[in-house]
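Ready to practise reading a protein fold? Grab a pencil and work through the exercises before peeking at the solutions.

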Amino acid sequence: MERLILQPALAPPKTEIFFGLESLARVCHGLSKRGVILIDPAVANTLGPTMRNALDYELIAVTRQKTREAKQALEDELLKRKLGRDTVIVGMGGGVTTDLVGYVASTYMRGVPLILIPTTLLGMVDAAIGGKTGVDTPFGKNMIGTFYLPKAIFIEPEFIKTLTEKEMKNGLSEILKYGLIEDAAIWEKCTHWKEETPFLIHASIRCKVKV
C-alpha cells in the first residue's frame with residue numbers, strides 16, 4: 001500500500017520581547033490595523049482608555065475565570081463583533097488573563113496574531129513567557145490548552161508599582177526559583193528586591209528564555 005508523508009515546511013515561530021511600550025503601536029499595526037484588547041477588568045479601569053487610544057482597537061474586559069465556559073463566552077463575543085482572521089488579539093493583565101486570552105488566540109479562526117502585555121510581576125517573569133496557554137477544569141489546573149507563542153510581549157515595569165505586596169511576593173517566589181536553579185546573582189539581589197526589581201525582571205526573563 002502506498003504511503004504519503006505530509007511534512008509542511010513551517011518557519012519556526014519567534015517572540016520579540018520589548019521593555020517599554022514605545023514600539024507597541026508599530027508592532028500591532030504592522031500585523032493588522034484591526035484588533036481587540038482583551039483586558040483584566042481592574043486594569044481596564046485604569047489603563048484601558050489609554051491603550052484603546054494608542055492602538056485604536058476595540059476593548060473588552062475579560063472575566064478573571066480561567067475556564068472552558070469563559071473561553072467559549074469570549075469566543076462568542078469576538079464572533080458577535082465579526083472579528084475575522086485579520087484580527088490582532090492583545091492580552092493585557094495577569095497570568096489568568098494571559099493564559100485565557102492566549103488560548104483563545106490559538107484557536108480563534110485557527111489562530112490569530114497574539115500580543116501580550118503582562119501587568120503583574122508573576123506575569124512578567126513567568127506566565128506570559130514561553131507560550132503556555134490553558135484553562136482550568138474540575139479535574140485540575142491547566143488541564144486543557146495549547147503552546148502558542150505570541151508575536152511580541154511588552155514588559156512595562158511601571159505597571160507593578162500599583163500592586164499589593166502580596167502580589168509582588170507571588171512574582172518574587174518565581175524569581176527566587178531562577179536564582180536557585182540558574183543565576184546566583186538573582187538570588188543575591190532578592191535580598192533587596194524592592195530596589196532591584198528592574199534587574200530581577202530582566203534577569204528572570206533571560207533565564208526563562210534560555211530554558
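Below are four exercises on this structure, each with a worked solution.

Before you start, know that this is a predicted model, where local features need pLDDT of at least 70, side-chain atom pairs count only at pLDDT 80 or more, and totals for chains, interfaces and linings use all residues. Residues are numbered from 1 along each chain as its sequence is written, and side-chain values use heavy atoms, with hydrogens and water left out.

**Exercise 1. The sheet**

Work out the strand order of the open sheet and find which strands stand at its edges.

Solution.
- Step 1: Recall that strands of a sheet pair through backbone hydrogen bonds, either parallel or antiparallel. Helices (H or I, at least four residues) and strands (E, at least two) are DSSP runs, numbered from the N terminus. Two strands pair if DSSP finds at least two bridges between them.
- Step 2: Read off the order: the open sheet has 6 strands, β1-β8-β5-β4-β2-β3, and the pairing is parallel.
- Step 3: Look at the ends. β1 (16–19) and β3 (58–61) each have a single partner strand, so one side of each has no neighbour in the sheet.
- Step 4: Add the twist, which averages 20° from one strand to the next.
- Step 5: Zoom in on one pair. β4 (residues 88–93) and β5 (residues 114–118) run parallel over 5 bridges, and G91 sits opposite L116 in β5.

**Exercise 2. Helices on the sheet**

Find which strands α1 lies across and which ones α8 touches.

Solution.
- Step 1: Use one rule for touching: contact means heavy atoms within 4.5 Å.
- Step 2: Take α1 (residues 24–31). It lies across β1, β4, β5 and β8 (152–155), at about 155° to β5. For such angles, axes are lines fitted to C-alpha atoms, for helices over the stretch in contact, and angles run from 0 to 180 degrees between N-to-C directions.
- Step 3: Now α8, which packs on the sheet against β1 and β8, with its direction at about 175° to that of β1.

**Exercise 3. Two helices crossing**

Describe how α6 and α8 cross, and sort the residues of their contact.

Solution.
- Step 1: Two packed helices are described by the angle between their axes and the distance between the axes.
- Step 2: The axes of α6 (residues 165–181) and α8 (residues 197–210) come within 10 Å and cross at roughly 50°. That makes α6 oblique to α8; angles under 35 degrees count as roughly parallel, over 145 as roughly antiparallel, 65 to 115 as roughly perpendicular and the rest as oblique.
- Step 3: The crossing is left-handed, meaning the near helix is turned anticlockwise from the far one by less than a right angle.
- Step 4: From α6 come M168, I175 and Y178, and from α8 come T197, L200, S204, C207 and K208.
- Step 5: Sorted, that's 5 nonpolar, 2 polar and 1 charged. Ala, Val, Leu, Ile, Met, Phe, Trp, Tyr, Cys and Pro count as nonpolar, Asp, Glu, Lys and Arg as charged, and the others, Gly among them, as polar.

**Exercise 4. Buried or exposed?**

Classify D99, M109 and R110 by relative accessible area.

Solution.
- Step 1: Set the cut-offs: buried is under 20% relative accessible area, exposed is over 50%, and partly exposed is in between (1.4 Å probe, protein chains only).
- Step 2: D99, in helix α4 (residues 95–107), has 11%, so D99 is buried.
- Step 3: M109 lies in the loop between α4 and β5; at 28%, M109 is partly exposed.
- Step 4: R110 lies in the loop between α4 and β5; with 75%, R110 is exposed.
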